[in-house]
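Reader: Please take me through one part of this model in detail, the sheet and what lies against it. I would like a connected account rather than a list.

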Amino acid sequence: MEAGGRSVKLFVKLGGSFITDKSAPETMHPRNVVLAAQAVRAALEEARTQGKRISLVLSHGAGSFGHIHAKRFEAVKGVHAQYGWEAFYRIRDSMARMSLLFIRSCNEGGLFPVALQPSAIAAADDGNLSRFDVRPVKSLLGFGQIPVIHGDIVPDERRGFTIASTESLLKAMAQELRFDRIIMVSDTDGVLDNDGSTIPWIDPRAISQVLSFLRGSKSPDVTGGMRKKVECLYDLVSSGKAGSARIIGGIGDLSNLKAAILGTGGGGTIVGG
Ligand SMILES: Nc1ncnc2c1ncn2[C@@H]1O[C@H](COP(=O)(O)OP(=O)(O)O)[C@@H](O)[C@H]1O
Ligand SMILES: [Mg+2]
């Protein structure tokens with residue numbers, strides 16, 4: 001039910017591969033963020049004129065900000081024999097700067113998003129996310145605002161710290177907040193088959209075959225790349241924790257993102273359902 005009553009809940013991730021140059025440390029593609037923000041704003045305005053309410057959680061990957069440090073310090077494993085807690089400082093420092101660049105570009109694209117710091121509201125136990133405080137997210141959504149989260153370094157009961165991917169934060173959040181649509185923007189036009197063609201729909205019959213050939217990422221990505229992304233989205237949709245999921249490419253003026261937000265299409269790959 002999209003018109004009238006309740007709002008449609010959306011989770012949109014702008015992939016680190018799409019908004020940064022993952023091969024070069026700390027390089028943002030601000031233009032991509034601005035274009036995406038403009039598409040989000042246009043979609044929200046169109047929905048409003050149609051009398052539909054959309055609640056949106058925006059997120060972004062850590063790209064060449066978080067991942068490069070995370071790889072260097074093996075931060076997934078926690079406190080390092082040689083570097084100790086340095087990873088926590090470096091990654092927080094890097095993600096704080098990325099977050100600022102990100103929300104400023106969103107603002108240039110016409111949004112006023114509110115950045116939340118995942119390391120302060122999430123925690124892990126032996127590498128698995130064990131806590132995510134959704135209250136600030138819910139509260140901001142209640143006021144019609146756009147909370148922003150991102151992959152981050154988080155405290156870990158056993159390891160001292162570990163890395164939480166945007167996908168793992170989404171999974172935790174989805175336990176308490178059901179998203180009707182999840183949209184992830186990638187530097188590829190969705191999930192590609194071995195010939196480089198977009199797979200339009202990963203349905204229950206296709207999932208195991210797709211996972212058998214999916215690799216991680218061609219660039220530094222310590223949290224499992226495309227494979228983990230597809231696994232996460234498939235699990236959420238097939239367990240009913242999310243209504244639908246789509247991975248799309250960051251192409252042109254991002255009118256595909258606008259369509260995906262409005263639920264009128266968007267191309268790329270539909271995952272699950
Ligand atoms: N079959 C595939 N289709 C699409 N992308 C793939 C595939 N296999 C590996 N990838 C890689 O996965 C990357 C997207 O995952 P990732 O780097 O984790 O993105 P993000 O930065 O959004 O987290 C793509 O940039 C690509 O390098
Ligand atoms: Mg990733």
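**The sheet and its surroundings**

Author: The model is a predicted one. A convenient place to begin is the pairing of strand β11, residues 242-249, with strand β12, residues 269-271: the two are antiparallel and joined by two bridges. Within this pair, I247 lies opposite T269 of β12.

Both strands belong to an open sheet of eight strands with mixed pairing, and the order across it is β3-β6-β2-β1-β9-β11-β12-β10. Its edges are formed by β3 (114-115) and β10 (201-202), each of which pairs on one side only.

Two helices can be placed against this sheet. Helix α4, residues 86-108, packs on it and touches β2 (54-60), β3 and β6 (147-150). The direction of α4 makes about 140° with that of β6. Helix α9, residues 225-238, also packs on the sheet, where it touches β9 (179-186), β10, β11 and β12. Its direction makes about 155° with that of β11.

To return to β11, its pairing with β9 is parallel and consists of seven bridges. Two of the facing positions can be named: V185 stands opposite I248 in β11, and I182 has A245 of β11 as its bridge partner. Strand β11 is largely enclosed by the rest of the structure, because six of its eight residues are buried. The same reasoning applies to β9: seven of its eight residues are buried, so β9 too is largely enclosed by the rest of the structure.

Strand β9 is also paired with β1, residues 8-14, in the parallel sense, and five bridges hold this pairing. Here K13 has M184 of β9 as its bridge partner.

One residue of the sheet deserves a closer look, namely V57, which is located in strand β2. How many C-beta neighbours does V57 have inside 10 Å? There are 26, and V57 therefore counts as buried, since 20 or more are required for that class. Leaving aside neighbours within four places in sequence, the contacts of V57 are F11, V137, P147 and I149. Of the strands already described, β1 spans residues 8-14 and β6 spans 147-150. A47, by contrast, is 10 residues from V57 along the chain, and the C-alpha atoms of the two are separated by 16 Å.

The last item is the ligand, which brings helix α9 back into the account. Ligand 1 is surrounded by 19 residues, and the closest are G15, G16, S17, S217 and M226. Helix α1 (16-19) and helix α9 each supply at least two residues of this shell. The most comes from α9, with three residues. Sorted by class, the shell holds four nonpolar, 10 polar and five charged residues. Helix α9 thus appears twice in this description: it packs on the sheet, and it contributes to the shell around ligand 1.

Notes
Residues numbered from 1 in each chain as written. Chains lettered and ligands numbered in written order. Predicted model: local features only at pLDDT ≥ 70, side-chain atom pairs only at ≥ 80, totals over all residues. Pairing = 2+ DSSP bridges. Helix = DSSP H or I, 4+ residues; strand = E, 2+ residues; numbered from the N terminus. Contact = placed C-beta atoms within 7 Å. Axes fitted to C-alpha atoms, helices over the stretch in contact; angles between N-to-C directions. Buried ≥ 20, exposed ≤ 12 C-beta atoms within 10 Å, placed from the backbone. Near = placed C-beta within 6 Å. Nonpolar A, V, L, I, M, F, W, Y, C, P; charged D, E, K, R; others polar.
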